[in-house]
Amino acid sequence: GLLGNRVTLNGFEGYRGGLDIKFGMTGEESVYEEWAGHRVMFHVSTLIPGGDEQQVQRKRHIGNDMVCVVFVEGNETLFDPMAIRSHFLHSYIVVQCVRNNEQDAILYRVHTVSREGVPLCKPHLSHSNTFHHHDSTFHDFLLAKIINAERACLRAPKFAELQNRTQIQMMHNLIVAAEDAEAALKQGKNVKTAVGRRGSWLPLGCVRPPSPLVDANQEKLENV
């Protein structure tokens, strides 16, 4: 596929992106890809069950993502970002499938749109912003664009503020845990028990990064 390969969720052992791999609450299949050191599990709207009126599972996963890839068909089809209501979605990559009758070929035209405050990210679109159906570089372009778009969203004011608030809270928890440990040592108590009792402290190595996509390949991706 353009983004990755279909995988069966039941018993899936790789990165699952929050999808249910035991009871089928989020569908039987999804799209997964390992690329440039990244493990990416896509939340595909048509593969997530939506039988309930509130579309709970779709809203829970897609509505809480930061980047959304939208596929549209036909030259005249327009996409309105306001059609998807979400406080978290900040960047949209629109892929339009069009047919070139003169060349008898299928082309993909790409557009991007982001909320105010999201910086531009590489790889940039060419002047034609069009890829041929058999273009082997299109897959790499999409994955690099998606990953860098998520990084760019994290630098938007809303997410930057949330991340800063989280880091402040983590530092506060570490300071409190250290004070508890010091007090426990003075009283001759077991330090591990004193720290563990508070329940809000984790070693820095256990703290998840702000995104599962963030790793040491940033410079490599930025040059794609």
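**Exercise 1. Classify the burial of Tyr 92 and describe its ring partner.**

*Solution.* Tyr 92 counts as buried, because its relative accessibility is 4% and buried means under 20% relative accessible area, exposed over 50% and partly exposed in between (1.4 Å probe, protein chains only). The model is predicted: local features need pLDDT of at least 70 and side-chain atom pairs count only at pLDDT 80 or more, whereas totals for chains, interfaces and linings use all residues. Residues are numbered from 1 along each chain as its sequence is written, and side-chain values use heavy atoms, with hydrogens and water left out.

Next, consider the partner. Phe 79 is partly exposed, at a relative accessible area of 23%. Rings of Phe, Tyr and Trp (its six-membered ring) pair if their centres lie within 6.5 Å; planes under 30 degrees apart count as stacked, over 60 as edge-to-face and the rest as tilted. In the whole structure, six aromatic pairs are found. The ring centres of Phe 79 and Tyr 92 are 5.6 Å apart and their planes stand at 55°, so this pair is tilted. Phe 79 belongs to the loop between strand E4 (67-73) and E5, while Tyr 92 is in strand E5, 13 residues apart. Strands (E, at least two residues) and helices (H or I, at least four) are DSSP runs, numbered from the N terminus.

**Exercise 2. Determine the geometry of the ring pair Tyr 108 and Phe 138.**

*Solution.* With centres 5.4 Å apart and planes at 25°, the pair is stacked. Tyr 108 lies in strand E6 and Phe 138 in helix H2, so the contact ties together parts 30 residues apart in sequence. Both Tyr 108 and Phe 138 are buried. Ring pairs also join Tyr 108, Phe 131, Phe 138 and Phe 141 into a cluster.

**Exercise 3. Identify the strand partners of E6.**

*Solution.* Two strands pair if DSSP finds at least two bridges between them. E5 (residues 91-100) and E6 (residues 105-114) are antiparallel over 10 bridges, and Ser 91 has Ser 114 as its bridge partner. E6 is also joined to E7 (residues 130-132) by three bridges, again antiparallel; here Arg 109 stands opposite Thr 130.

**Exercise 4. Describe the largest nonpolar core.**

*Solution.* A nonpolar core is a set of buried Ala, Val, Leu, Ile, Met, Phe, Trp, Tyr and Cys residues joined through side-chain atoms within 4.5 Å. The largest has 28 residues, and those with the most contacts inside it are Phe 42, Val 67, Ile 93, Phe 138 and Leu 142. Helix H2 (137-154) is among the elements giving two or more residues, and its share of 11 residues is the largest.
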